[in-house]
Amino acid sequence: MKGLSHLACLRAGLKAGTVAIAAVMSVSSAWAADAPAAAQPSQNVTINLIRLLVKQGVLSQTQADALVKEAEAEAVQARQAPSSTQTAGNDLPPPEAGSIRVPYVPENVKKQIADSIRTQVMEEARQENWAQPEQVPAWSKRVKLTGDLRVRNQSEFYSTNNVDEFVDFATWNDTGPYDVNPVNNPTGFPLLNTRTDRPYRTNFRARLNLAFDVSDGVLADIRLASGSNNGPVSTTQILGGGWGKKDVWLDQAYIRLSPESWADLTFGRMPNPFMHTEMVFDDDLNLDGAAASFSVLRPGKTGFGVSLTAGVFPLEYAASSFPTFAFGKAHDVNKWMQGGQILADWKGEDWDWKASLGYYDFVHSQGRLSTPCTLYNGNTQCDSDPSRPAFMQKGNTLFLLRSIVPDPANPINYAQKQFVGLTYDYNELDLNSQLSFDVGAAYQLQFDVDYVRNLAYDVGDVCRYAPQGLPVNYITPGILHTTDSLGNPITVDNFDPCTAVTAPSTKGEYKSGPNGVTGRILLGYAKPSERWEWNVYAGYRYLEPDAVLDAFTDSDFHLGGTNAKGWFIGGALGLFHNTSLSARWMSASEVYGPPLSIDVLQIDLNTGF
């Protein structure tokens, strides 16, 4: 009924008081006079406007006639009603029967009324594409384009007291296997930087998101992002590199079904659906799989609400052709995470408290010691190789995965090429709380506390494959008195924490832990998005080596991974709409093991649309 809405628009413009009534009567008279010569231009601007709308197909001739007749009828009613502006001195006698009194209306007033109506109608026609509805495709109204860009200057500072040899186990697995026999591997293993500062390194993060509202209850979302590699916890790309082009990755791709207002089902590569802090999951982490979220009682402006989220997320599928050079293929052992969380949200007039209980079970993430593996005959694979993590940062307890059979022809200096795997399983219980208060008219005071514990942590797993499969980190060596190949007595470091020894020999001491806790306090705007909006915050984190998988925790604090403790401070200031400047200082050291202290300064310029 588009025409009726147009009639309503014209009708509203024609009801402009006594002056407008006079103009309508003028229009009515002119319309009646000009009706036989509809094709000839009229001196009345309003008549020409109505004819133009008829010609453009906006109004039919019948609707135009009806519009003028209705306006004339309303004008008659208006004349019959007593006027509040009349006074006893200027009352006029009623007109004679059969005559119509039309007050004088200046031509400039008539023109102003006509121009106002024309402007209003034409603006609506332009916005709604009355004349050319096919000019803008209907699907384009269902697409939302958003994005953000961050340019960061980062400086990394290392203590001179740090250990100078710290094995980079992530690179070991990516580029390995490495031979642990020093005779065959004189160059050693890949090492992390632990002592040389890296100031003023500039990088950026760019993300572009397309959300398609396919139909009511169906959303398809695709996001592209920058990134120096396909790691899951960072989309940062360092500048430089000879000004070479930068990489773009598919960061998100999912379908969300909402059959009811209280239910969402998501499939694909999706944003993390769980309430979390970066101690457990990095904010840039997206999950692959399927998730369902149900709001049992959705809170309004105030009140109490509960929601439940659960999902299954594959981490890694076993290669269908493993082992490559063998007739018998290995059984299909896939890695995945199953997770669930219950979230309560209690809102008051000037406060909001959210609390969640989450559980994340990483199935088949624990490494396996291989069956006896012969590498001396040209074989390059062992059956436990797929149990190594697909991605690592640093911090988790690790062991050598391969049970290598000595070469009968060279039983001492045979090749011992190894990968590393996770010593423990990971079933993470996460308790998270966020309490915020309104301070004044605009500011917030916010408290965040998060505690996580690995319920699968069992220190007995360290010795489950003894004397093989011993941990290669977090061991304080003991002393072992033994003999060399010629029978001469020697003293060596003993890294075995499992085998009982007697004085004067001592065994290695192993230390790790399953707990993590972090807290933060923030004052100001939660996310400054306008000029001069600001916030400041400070916090502390304590994360033991095996509390969470080091692959998915924060990539910035202690430059990623677990086994880190320390504090952080920061703040942000809005510069323009959706543009802010922020800074953060993080100072962290190790919880256990050799000294490794790292301070990180980040200064960010952020914008989004």
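On a 1 Å grid over the protein atoms alone, a pocket is an open set of points with protein on both sides within 12 Å along at least five of seven lines, a cavity is a set of points where a 1.4 Å probe fits but cannot get out, and lining residues have an atom within 4 Å of a point. Grid points are joined across faces, edges and corners, and a volume is the space filled by probe spheres set on the points.

A word on the ground rules: this is a predicted model, where local features need pLDDT of at least 70 and side-chain atom pairs count only at pLDDT 80 or more, while totals for chains, interfaces and linings use all residues. Residues are numbered from 1 along each chain as its sequence is written, and side-chain values use heavy atoms, with hydrogens and water left out.

**Pocket and cavities**

The second largest pocket holds about 1400 Å³ of space. Its lining counts 44 residues, and L400, P471, V472, N473 and F495 are the ones nearest the centre. The elements giving two or more residues to that lining are α6 (169-175), β12 and β17 (475-476); here helices (H or I, at least four residues) and strands (E, at least two) are DSSP runs, numbered from the N terminus. Sorted by class, the lining of this pocket has 25 nonpolar, twelve polar and seven charged residues. In that scheme Ala, Val, Leu, Ile, Met, Phe, Trp, Tyr, Cys and Pro are nonpolar, Asp, Glu, Lys and Arg are charged, and the others, Gly among them, are polar.

As for closed spaces, there are five cavities of 30 Å³ or more. The largest cavity comes to about 50 Å³. Its walls are made by F166, K394, G395, Y474, H558, T562, N563, E590, P594 and L596, which split into four nonpolar, four polar and two charged residues.

Some of those wall residues deserve a second look. L596 sits in the loop between β24 (579-589) and β25 (598-608). It is buried at 4% relative accessible area, where buried means under 20%, exposed over 50% and partly exposed in between (1.4 Å probe, protein chains only). L596 also comes to 9.4 Å from T160, C-alpha to C-alpha, with their positions 436 residues apart in sequence.

**Backbone oddities**

Two more residues from the cavity lining have positive phi without being glycine. Y474 has phi of about 65°; it is in the loop between β16 and β17 and is buried, at 11% relative accessible area. H558, with phi near 60°, lies in the loop between β22 and β23 and is buried at 2%.

There are cis peptide bonds to point out as well. The bond from G176 to P177 is cis, with omega near 10°, and P177 belongs to the loop between α6 and β2 (178-179). The bond from A503 to P504 is also cis, omega again near 10°, with P504 in the loop between β19 (489-494) and β20 (509-510).

**Salt bridges**

A salt bridge here is a side-chain nitrogen of Lys or Arg within 4 Å of a carboxyl oxygen of Asp or Glu. That rule gives 16 salt bridges, among them these:

| Pair | Closest N to O distance |
|---|---|
| R152 and D556 | 3.9 Å |
| R402 and D385 | 2.7 Å |
| R520 and D448 | 3.0 Å |

R520 is in strand β21 (residues 515-524) and D448 in strand β16 (residues 443-454), so this bridge ties together parts 72 residues apart in sequence. R520 is partly exposed at 26% relative accessibility, whereas D448 is buried at 11%. Salt bridges with shared partners also join R152, E278, D556, R584 and D604 into one network.

In the R152 and D556 pair, both residues are buried. R402 and D385 are both buried as well.

**A nonpolar surface patch**

On the outside, L145, L208, L210, I222, L224, V248, L250 and F609 form a nonpolar patch with about 730 Å² of accessible area together. The elements giving two or more residues to this patch are β3 (198-215), β4 (218-226) and β6 (248-260). Patches are made of residues with over 30% relative accessible area and no salt bridge, like charges being joined within 9 Å and nonpolar side chains (Val, Leu, Ile, Met, Phe, Trp, Tyr) within 5 Å. Areas come from the Shrake-Rupley method with a 1.4 Å probe, and for residues only the protein chains shown count as cover. One member, L210 in strand β3, is partly exposed with a relative accessible area of 32%.
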